[in-house]
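User: I am new to this structure and would like to understand the words people use for it. Could you walk me through them and show the reasoning behind each one?

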Amino acid sequence: MKPGAILINVSRGALIDTKALIEALKSGRLGGVALDVYEEEEGVFFEDLSGKILHDDELARLLTFPNVLITAHQAFLTQEALAEIARVTIANIAAFGKGEPFLEGTALA
C-alpha cells in the first residue's frame with residue numbers, strides 16, 4: 001500500500017493482522033483505518049460494555065487512534081445482504097425437509 005493509504009475492511013476480521021495494523025498506524029505508514037469487522041469481535045460488538053473493562057488490549061489500543069473508525073459489524077445490514085440471507089435460509093430449510101444437502105458453501109453449526 002502507498003504510504004498514508006486508508007485501509008477499509010468490511011469483509012472478515014481475520015484478513016487483518018491487528019498487531020501489524022497498530023504498528024503501521026503508529027509509524028504513520030497508514031493514514032487511517034475503517035473496520036466493520038474485527039477478528040475477536042464475538043462478545044464485544046453486540047454487547048453494551050460501556051461500564052466494563054475492555055479486556056482486548058489490541059482493540060483498546062485501536063480505539064485510541066483518532067484516525068481509526070470501528071463500527072459494530074453493520075455492513076451486512078443492507079437490503080441486498082438481508083435478502084440473500086433470507087433466500088439461503090429458506091433454500092436450506094427446504095433442502096433439509098427433502099433430505100437433500102444444504103446449498104454449497106453453507107452449513108449449520
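**Reading the model step by step**

Analyst: Gladly! Leaving aside neighbours within four places in sequence, Asn9 is in contact with Leu15, Ile16, Ala34, Leu35, Asp36 and Val37. Asn9 itself lies in strand β1. Please keep in mind that this is a predicted model.

User: Why is Asn9 called buried or exposed, whichever applies?

Analyst: Asn9 has a relative accessibility of 5%. Buried means under 20%, so Asn9 counts as buried. Of the 109 residues of the protein chain, 26% count as buried.

User: What elements make up the protein chain, and in which order do they run?

Analyst: The protein chain has three helices and three strands. Starting at the N terminus, the elements run β-α-β-α-β-α.

User: What makes β1 and β3 edge strands?

Analyst: The three strands form an open sheet in the order β1-β2-β3, with parallel pairing. β1 (5-9) and β3 (68-70) each pair on one side only, as edge strands do. Neighbouring strands of this sheet are turned by 10° against each other on average, direction ignored.

User: How do you know that β2 and β3 pair?

Analyst: Two strands pair if there are at least two bridges between them. Strand β2 (residues 30-35) is joined to β3 by three bridges, and the two run parallel, so the requirement of at least two is met. As for the partners, Val33 has Val68 in β3 as its bridge partner.

User: Where does helix α1 lie, and what covers its buried residues?

Analyst: Helix α1 (residues 18-27) lies across β1, β2 and β3 and runs at about 140° to β2. Its buried residues are Thr18, Leu21, Ile22, Ala24 and Leu25. They cover an arc of only 160° around the axis, so they are on the same side of α1. What covers these buried residues includes β1, β2, α2 (57-62) and β3. Lys19 and Ser27, on the other side of α1, are exposed.

User: How do you know that the span of helix α3 agrees with what is expected?

Analyst: Helix α3 (residues 79-97) has 19 residues, and at 1.5 Å a residue these should span 27 Å. The expected span uses one less than the number of residues. The end C-alpha atoms of α3 are 27 Å apart, so the two values agree.

User: Why are the buried residues of α3 said to line one face?

Analyst: The residues in question are Val88, Asn92 and Ala95. Viewed down the axis of α3, they fall within an arc of 60°, and therefore line one face of the helix. On the other side of α3, Gln79, Ile90, Ile93 and Gly97 are exposed. Just after α3, Gly99 takes a positive phi of about 75°.

User: Why are Phe96 and Phe102 called a stacked aromatic pair?

Analyst: A search of the whole structure finds one aromatic pair. In it, the rings of Phe96 and Phe102 are 6.4 Å apart centre to centre, with 5° between the planes. Rings pair if their centres lie within 6.5 Å, and planes under 30 degrees apart count as stacked. Both conditions hold here, so the pair is stacked.

User: What makes Phe96 exposed and Phe102 partly exposed?

Analyst: Exposed means over 50%, and partly exposed lies between 20% and that value. Phe96 is at 59% relative accessibility, so it counts as exposed. Phe102 has a relative accessible area of 30%, so it is partly exposed.

Notes: Residues are numbered from 1 along each chain as its sequence is written. This is a predicted model: local features need pLDDT of at least 70, side-chain atom pairs count only at pLDDT 80 or more; totals for chains, interfaces and linings use all residues. Side-chain values use heavy atoms; hydrogens and water are left out. Rings of Phe, Tyr and Trp (its six-membered ring) pair if their centres lie within 6.5 Å; planes under 30 degrees apart count as stacked, over 60 as edge-to-face and the rest as tilted. Buried means under 20% relative accessible area, exposed over 50%, partly exposed in between (1.4 Å probe, protein chains only). Helices (H or I, at least four residues) and strands (E, at least two) are DSSP runs, numbered from the N terminus. Axes are lines fitted to C-alpha atoms, for helices over the stretch in contact, and angles run from 0 to 180 degrees between N-to-C directions. Contact means heavy atoms within 4.5 Å. The arc is that of the directions from the helix axis to the C-beta atoms.
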